[in-house]
Amino acid sequence: MDTPLIDLSTNKFKDVAVITINNPPVNALSPTVARGLAEAMEQADKDEGVSAIVLTGAGRTFVAGADIKEFGKITSGKSERGAGLNPLLRQIEDLSKPVVVAIHGNAFGGGLELAMACHYRVAAPNAQVGQPEVKLGIIPGAGGTQRLPRLVGVAKAVEMCAEGNPISAQEALQLGLVDRLIEGDLLTGAVAFAREVTTRPIPRTRERDGKLNLPDKTIFDAAREKARTKQRGQMAPLAAIDAVEGSTRLSFEEGSQQEQRVFRECLFSDQSKALIHAFFGEREVAKIPEIAKETPIIPVNSVAVVGAGTMGGGIAMVFANAGIHVLLKEADQAALDRGLATIQKNYQSSVKRGRFTQQFVDECLRRIKPTLTYDAFGEVDMVVEAVFEGMALKKEVFTQLDLVCQPGAILATNTSTLSIDEIASATSRPDAVIGTHFFSPANVMRLLEVVRGKSSSKQVIATCMQLSKKLGKVGVLVGNCRGFVGNRMFGPYRREAQFLAEEGAAIEAVDRVLYDFGMAMGPMATGDLAGLDVGWRIRKEYRHLEKPGVRQPFAEDRLCELGRFGQKTGAGWYKYDENRHATPDPEVAALVRKWAAEAEIPQRTISTDEIVDRCIYALVNEGARILEEGIALRAVDIDIIYLHGYGFPAYRGGPMWYANTVGLKKVYERICELCDRHGELWAPAPLLKQLADAGKTFADFGVDQAVTA
Ligand code: T1G
């Protein structure tokens, strides 16, 4: 028989009933768990031998929240939400005996709301509590916006509910959200605490109005202003602020009713569906159907990074931060010194921003060992090559690695576009070669494209996918083609942005429209940031592959010919001051007009919708081709790549999810229009037509196709 979800034991401590929630892996509060908990609480409260109740969670954490999987069933009409957790929480709050909740690991969302309905809260010192619902596009839906201000005060409750970040058990203790921290055995400590409070009057959180003193009104508007900047475009943070504000002017019942109303509005919103898609997607990409969970993993305790430039230095930091020793190699001392200086500077700014302690940084720096030779490469478990993006040099490095590295070492390349297979051909062990495409800055961006070559072994792939999580990255397995997934799609996206500027759209208008769509940065500004010369060099390398007679953008090539590479040269599409602040450059606008006239490109007024459609559907169309070719396993993999590597707004779920939301039929028809007007670059991907005709979405695209090399 399955382990019961709720275990009620009243014999171990006799006078104190212990109720344990046991719903691995994170004790999510499913309707079944809620029902079991209600029964156990009622039974314990009726037991005359019981003077107090302790509520705990089995396994590694208390309760991570309501079961998010249930929300999809509700919003798709497969199940009714019903009254949610509120009846259970009210029942607990009204029990005749004191209920002490013992928190370890996390008490998040419904887990914290459950804890706040209990009469007392004790916690392990390393526990965390929080209301992260806004990160799913919803707000606390079980009294969190009404009980939290009563325990921590309105200002802190606004911050916790609007921003969604957890706080430590120590801070929770200081705020009065937790009554005691328990060193040593949590359950024993909780039972001892419960015995202390059996004779006290029972504190019902909903009745504790002392901290609801009306704060200065500005905290709500200030929080709204902050949300409009930090959580730009998202509705849930503003909704959460409204709900918490309700606690200061409504009764608990009325405030709870308002919370329920707002919660349901958010739950059924496109933003929440997209953010829940992103939440599960970030975990789904780690699951590779053709690679069994039991695949042996190669231990990676020491690595070498070849190249100490921007990428190599950042990659060295990533491994050092994860506790892995790093050999950092450069060709000459000057380059090595520059690389080390950049690493130092990056760490110091992290300390200044409070992201790392000085002690942590010192430990990381001790793990990075500079070298000018391959001498010690024979002892490392993995090498990441991060030299200049040229095939000849990369093959030279891999030939050398093949000679010096120990058998079984993983030989990874950080190339952003070059063929893994061609690089692997420079070695006698192509099965050990793989792409680990980090995104700049490597020590900040979470995305890692794990690029499999046709010979990459399953063990090497499985190791790199697991290593991603240890490095704090979101690893996505992709196939080997030019640009892999992210950059391959970014090409058409930026191509269309340039076309729009060449056809008459103001440069800053193209950027503004996509920024307002939710992109972290517009396509022109992104080009200036990365360096326009990067794309220029690649286009020159592949010029011979361009189909004659097919229009290609020219503006960025011309800007590069003028030495305008972007931020690094102080000018690109925009002009930059010494702080790299961008201003539109009338000179560039005039040049683009001139070049367009020379190319006889008709100028016209271009709508916001056209800018969004042409840039975003360019992503979608290329993404569909990538799926057809098996370069990405699933549409969600593409979405996760765009959310974590390209600043696509998570509240729109990613390019493929966004297309699903618009409706593939509508997207397909729009792409056909663009094809009629702009030619074969807009030929709709067959998969898009196939799914649109079948009334399906990209989520229906099968995962049975293996990722092709
Ligand atoms: N519901 C369902 N499944 C969940 C879950 C949840 N709340 N949290 C995690 N999982 C699954 C996850 O998908 C993964 O599944 C496995 O558990 C391990 O998770 C009423 C409405 C707690 C910090 O937003 O932040 O309560 O991939 O890999 O890295 O007001 O999980 O193994 O199949 O993330 O140790 C609010 C979400 C919900 C917290 C642990 N709560 N979870 O991280 O493990 S809404 C949250 C997390 C709510 C109330 C509202 C993290 C974690 P699989 P994991 P981890």
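## A helix across the sheet

Helix 8, residues 186-197, lies across five strands. They are strand 2, strand 3, strand 4 (99-103), strand 6 (120-123) and strand 9. Helix 8 runs at about 155 degrees to strand 4. The model described here is predicted.

## The six-stranded sheet

The strands under helix 8 belong to an open sheet of 6 strands. Its order is 1-2-3-4-6-9, and the pairing is mixed. Strand 1 (6-9) and strand 9 (180-181) stand at the edges. Each has a single partner strand, so one side of each is left without a neighbour in the sheet.

Strands of a sheet pair through backbone hydrogen bonds, in either a parallel or an antiparallel sense. Strand 2 (residues 16-21) and strand 3 (residues 52-57) take the parallel sense, over 6 bridges. In this pair, I21 stands opposite G57 of strand 3.

## The three-stranded sheet

Another open sheet has 3 strands, in the order 5-7-8. Its pairing is also described as mixed. The edges belong to strand 5 and strand 8 (167-168). Each of these has a single partner strand, so one side of each lacks a neighbour in the sheet.

Strand 7 (residues 128-130) pairs with strand 8 in the antiparallel sense, over 2 bridges. V129 has I167 of strand 8 as its bridge partner. Helix 4 packs on this sheet and touches strand 5 and strand 7. The direction of helix 4 makes about 90 degrees with that of strand 5.

## Around the ligand

The ligand is surrounded by 29 residues. The closest are R60, A66, E113, G141 and R283. By class, the shell divides into 16 nonpolar, 5 polar and 8 charged residues. Four elements each supply at least two residues of the shell: helix 2 (68-75), strand 5 (106-108), helix 4 (110-117) and helix 12 (270-284). Strand 5 and helix 4 thus appear both here and in the packing on the three-stranded sheet.

Polar atoms of the protein approach the ligand at several places, including I68, K69 and K287. At I68, a polar backbone atom is 2.9 Å from a nitrogen atom of the ligand. At K69, a polar side-chain atom lies 3.3 Å from a ligand nitrogen atom. At K287, a polar side-chain atom lies 3.0 Å from an oxygen atom of the ligand. Taken alone, the ligand exposes 1000 Å², and the protein buries 79% of that.

## Backbone exceptions in the loops

Most residues other than glycine have a negative phi, and most peptide bonds are trans. The loop between strand 2 and helix 1 (31-46) holds P25. A cis peptide bond joins P24 and P25, with omega at about 5 degrees. N27 lies in the loop between strand 2 and helix 1 as well. N27 is not a glycine, yet its phi is positive, at about 55 degrees.

A further cis peptide bond runs from S440 to P441, with omega near -5 degrees. P441 is placed in the loop between strand 15 (433-438) and strand 16 (447-452).

Notes: Residues are numbered from 1 along each chain as its sequence is written. This is a predicted model: local features need pLDDT of at least 70, side-chain atom pairs count only at pLDDT 80 or more; totals for chains, interfaces and linings use all residues. Side-chain values use heavy atoms; hydrogens and water are left out. A residue is near a molecule or strand if one of its heavy atoms lies within 4 Å of it. A polar contact is a pair of N or O atoms within 3.5 Å; within protein, one must be able to donate a hydrogen and the other to accept it, and residues adjacent in sequence count only if both atoms are side-chain atoms. Accessible areas come from the Shrake-Rupley method with a 1.4 Å probe; for residues, only the protein chains shown count as cover. Ala, Val, Leu, Ile, Met, Phe, Trp, Tyr, Cys and Pro count as nonpolar, Asp, Glu, Lys and Arg as charged, and the others, Gly among them, as polar. Two strands pair if DSSP finds at least two bridges between them. Contact means heavy atoms within 4.5 Å. Axes are lines fitted to C-alpha atoms, for helices over the stretch in contact, and angles run from 0 to 180 degrees between N-to-C directions.
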